[in-house]
Amino acid sequence: MFQGGYTGKILRVNLTDRVATTEDLSVATAEQFIGGSGFGIKYLFDEVPAKADALGPENKLIFASGPLSGTNVPCASRMAVTAKSPLTGAVGMALTGGQFPVELKFAGYDILIVEGRSEKPVYVWIRDGEVQFKSAEKLWGMKTTDAQQIIKNSLKDQNIRVACIGPAGENQIRMASIINEWRAVGRKGLGAVMGSKNLKAIAIRGTGKVAVADKEKLKAARKVFTGAMKESPVLYPAFSKMGTGMVVDHTCHMGIFPTKNYQSTGTYDPIEKIGTEMQATRNTGKEHCYGCPVGCSQLNLAKEGPYGGKLTEGPEFETYYSFGGVTGVENIDAIIAADRMADELGFDTISAGVTVAFAMELFERGILTEADTDGLVLNFGNDEAMMALLKKMAFREGIGDLLADGTKAAAEKIGKGAEKYAMHVKGLELPAYDVRGAKAHGLNYATSFTGADHCRGYAFQEIFGIPVPKEVDRFTADGKGELTMWNQDVRTATTDAPTMCAFLLDMAVVGIATENTAALMNAVTGLSFTADAVLKAGERINNLARAFNVREGFTRAHDNLPERLMTEPVPGGASEGHFISRAELDQMLDEYYTARGWDVKTGSPTREKLLELGLENAADQLG
């Protein structure tokens with residue numbers, strides 16, 4: 001029995017048979033994997049067979065919140081969604097905020113596992129302990145905002161929370177996302193998995209509460225936590241007012257804001273066009289996730305030209321990069337409109353924008369011509385062509401069908417040397433940091449179990465100069481293997497699993513991260529976590545995710561970076577002349593595998609390491 005935090009229940013929804021069943025969550029699973037991403041990766045490894053088709057009925061879609069969600073712990077309305085990624089073939093795990101994560105808890109569940117495939121379009125309606133399967137045939141083809149509103153109207157409750165897909169997910173483009181109100185489960189193509197199951201939406205309403213084991217202990221732990229938030233020199237003075245968009249200016253000054261498909265980082269500086277001063281002219285307010293006093297999500301309104309009147313929650317920093325810097329688009333209203341389009345049609349802004357930039361470079365190099373692009377003139381900076389191409393990708397129309405599965409798949413089909421310009425790791429397009437000027441960040445891209453993912457092991461030491469656990473030189477490869485392991489394990493254990501907004505780690509509690517999580521967890525759940533046990537859980541989760549990927553055929557050879565980042569120095573700016581050579585990457589990989597206790601030649605967790613972490617099933621499967 002759980003004293004608090006956990007509901008202790010797993011809801012399993014089988015779409016093939018239209019049957020819903022409830023199971024108990026074991027205390028041992030909670031102690032080993034905490035929640036969120038930990039639960040998702042455990043059930044993914046245990047239940048999705050090796051080499052399963054990511055778009056087949058054997059793949060499962062696992063929604064898991066953490067024990068802190070639904071309590072009065074601030075910034076804890078987070079949820080991990082996990083499946084085998086159709087974009088990479090590796091672990092696909094992404095997190096989202098908003099209201100849906102706590103509603104899952106209020107409805108009585110820690111985990112929702114969706115399996116099988118419905119014969120016809122369907123949506124699942126969950127109200128407390130009752131589950132219904134409802135036809136979604138009239139919803140199929142709708143944009144996400146319309147579908148959510150129609151569902152709420154139909155069920156006569158505007159407080160229902162809905163996670164749904166748009167046409168991109170229905171068309172199974174491998175960068176499709178899942179949208180819950182304003183928030184997105186953005187990366188790795190999890191919306192395509194939902195579409196492959198003919199599942200348009202999950203609607204949920206809960207009237208329960210999340211118990212707390214020791215309210216006085218939680219009051220004390222929460223005081224320390226909120227005190228650290230108030231003392232942060234960045235969180236409320238800047239981040240609360242500007243959101244992640246403020247990082248555009250910062251990374252430009254560092255010389256690591258990627259532009260024009262990474263060809264002109266440091267030489268092309270778009271701060272005046274899309275930086276914080278220009279962003280402020282479009283800001284109309286902000287949104288808060290459940291229980292969040294910060295409210296970093298900025299509402300922005302396009303004001304001029306053909307895009308005028310478009311409102312979006314965002315763009316986030318990553319989208320100013322993907323629909324701006326990396327494509328060379330300087331029109332902030334076009335970026336706002338593209339962000340809104342991505343949410344409405346349901347696709348990942350990062351992968352989509354980087355894929356457009358890839359196509360633009362191919363066009364400028366003559367590898368693609370107007371005959372290939374349906375007449376689109378795909379020059380860098382052409383916002384009209386970008387908007388048209390994004391829509392074509394979502395609907396798999398013409399050139400859009402070629403690009404809809406990302407840069408890796410497109411490059412393999414195009415040939416003619418296109419692979420050289422595809423900016424991805426393991427099939428996942430690069431996020432908004434040119435890691436030639438931040439080498440631990442680059443090693444994280446190479447080794448993250450999801451592919452190029454800044455969220456898994458963010459090197460805040462390099463990006464923001466935070467000297468925890470030590471001060472580092474962002475340009476050197478020395479010591480970056482052990483640092484990357486620490487970054488990945490701490491972030492997993494303190495944000496992705498409990499679940500907690502990752503921005504709090506970087507901006508408020510980085511110096512007390514594991515201690516803070518242990519104190520909050522113990523007060524909420526009544527379990528006995530130490531700071532070391534929290535960190536060990538992060539290590540366990542990352543090892544199990546790696547074991548899943550190894551089982552799928554991934555090796556050291558896949559822990560790589562795009563050729564451009566390893567052979568072409570940054571052409572200008574504060575990171576001019578820097579790149580990550582093959583020798584440096586190999587050095588960092590050797591150190592990383594050694595720190596993790598993995599086989600250095602293969603990059604595979606050893607049997608000894610897996611057994612040390614209590615992962616006997618994984619040890620047996622890897623041999």
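Lysine 416 is exposed in this predicted model, with a relative accessible area of 64%, and its place is the loop that runs between α17 (407–414) and β16 (424–425). The backbone of lysine 416 has a phi near 55 degrees, which is a positive value in a residue other than glycine. Glutamate 181 likewise has a positive phi, near 55 degrees, and it too is a residue other than glycine. Glutamate 181 sits in the loop between β10 and β11 (183–185), and because its relative accessibility is 25%, which falls between the 20% limit for buried and the 50% limit for exposed, it counts as partly exposed.

From glutamate 181 one can turn to the strands that precede its loop. Strand β10 (residues 178–180) is joined to β9 by 2 bridges, and the two run antiparallel; within this pairing, cysteine 164 has isoleucine 179 of β10 as its bridge partner. Strand β9 (residues 161–164) also pairs with strand β12 (residues 199–205), again in the antiparallel sense, over 4 bridges, and here alanine 163 has isoleucine 202 of β12 as its bridge partner. Are the faces of β9 covered or open? Both are covered, since Arg161 and Ala163 on one side are buried, as are Val162 and Cys164 on the other.

Strands of a sheet pair through backbone hydrogen bonds, and the pairing may be parallel or antiparallel. An open sheet of 6 strands, in the order β2-β1-β6-β3-β4-β5, has mixed pairing. Its edges are formed by β2 (19–24) and β5 (91–96), each of which has a single partner strand, so that one side of each is left without a neighbour in the sheet. From one strand to the next, the twist in this sheet averages 15 degrees. At the β5 edge, strand β4 (residues 79–84) is joined to β5 by 6 bridges, with the two strands running antiparallel, and alanine 83 stands opposite glycine 92 of β5.

Another open sheet has 3 strands in the order β13-β14-β15, and its pairing is antiparallel. The edge strands are β13 (283–287) and β15 (311–313), each of which pairs on one side only, and neighbouring strands are turned against each other by 20 degrees on average, with direction ignored. Strand β14 (residues 297–301) is joined to β13 by 4 bridges in an antiparallel arrangement. Across this pairing, glutamate 287 stands opposite serine 297 of β14, while asparagine 283 stands opposite asparagine 300 of β14. On the β15 side, 3 bridges join β14 to its antiparallel partner, and leucine 299 stands opposite glutamate 313 of β15. Strand β14 is mostly covered, with 4 of its 5 residues buried.

Among the helices, α14 (residues 349–364) contains threonine 355. Is this threonine buried or exposed? Threonine 355 has a relative accessible area of 0% and is therefore buried. Apart from residues up to four places away in sequence, threonine 355 touches Met175, Met393, Leu403, Gly406, Thr407 and Glu429. Closer in sequence, a polar atom of the threonine 355 side chain lies 2.7 Å from the backbone oxygen of serine 351.

Further along the chain, two cis peptide bonds deserve attention. One joins valine 468 and proline 469, with omega about 0 degrees, and proline 469 lies in the loop between α19 (460–463) and α20. The other runs from proline 498 to threonine 499, with omega near -10 degrees, and threonine 499 belongs to the loop between α20 and α21.

The helices on either side of threonine 499's loop also pack against each other. Helix α20 (residues 480–496) and helix α21 (residues 502–509) meet at an angle of about 110 degrees, with their axes 8 Å apart. Because angles of 65 to 115 degrees count as roughly perpendicular, α20 is described in that way relative to α21. The contact is made by Val490, Arg491, Thr494 and Thr495 of α20 together with Ala502, Leu505 and Asp506 of α21, and these residues divide into 3 nonpolar, 2 polar and 2 charged.

Methods: Residues are numbered from 1 along each chain as its sequence is written. This is a predicted model: local features need pLDDT of at least 70, side-chain atom pairs count only at pLDDT 80 or more; totals for chains, interfaces and linings use all residues. Side-chain values use heavy atoms; hydrogens and water are left out. Axes are lines fitted to C-alpha atoms, for helices over the stretch in contact, and angles run from 0 to 180 degrees between N-to-C directions. Angles under 35 degrees count as roughly parallel, over 145 as roughly antiparallel, 65 to 115 as roughly perpendicular and the rest as oblique. Contact means heavy atoms within 4.5 Å. Ala, Val, Leu, Ile, Met, Phe, Trp, Tyr, Cys and Pro count as nonpolar, Asp, Glu, Lys and Arg as charged, and the others, Gly among them, as polar. Two strands pair if DSSP finds at least two bridges between them. Buried means under 20% relative accessible area, exposed over 50%, partly exposed in between (1.4 Å probe, protein chains only). A polar contact is a pair of N or O atoms within 3.5 Å; within protein, one must be able to donate a hydrogen and the other to accept it, and residues adjacent in sequence count only if both atoms are side-chain atoms.
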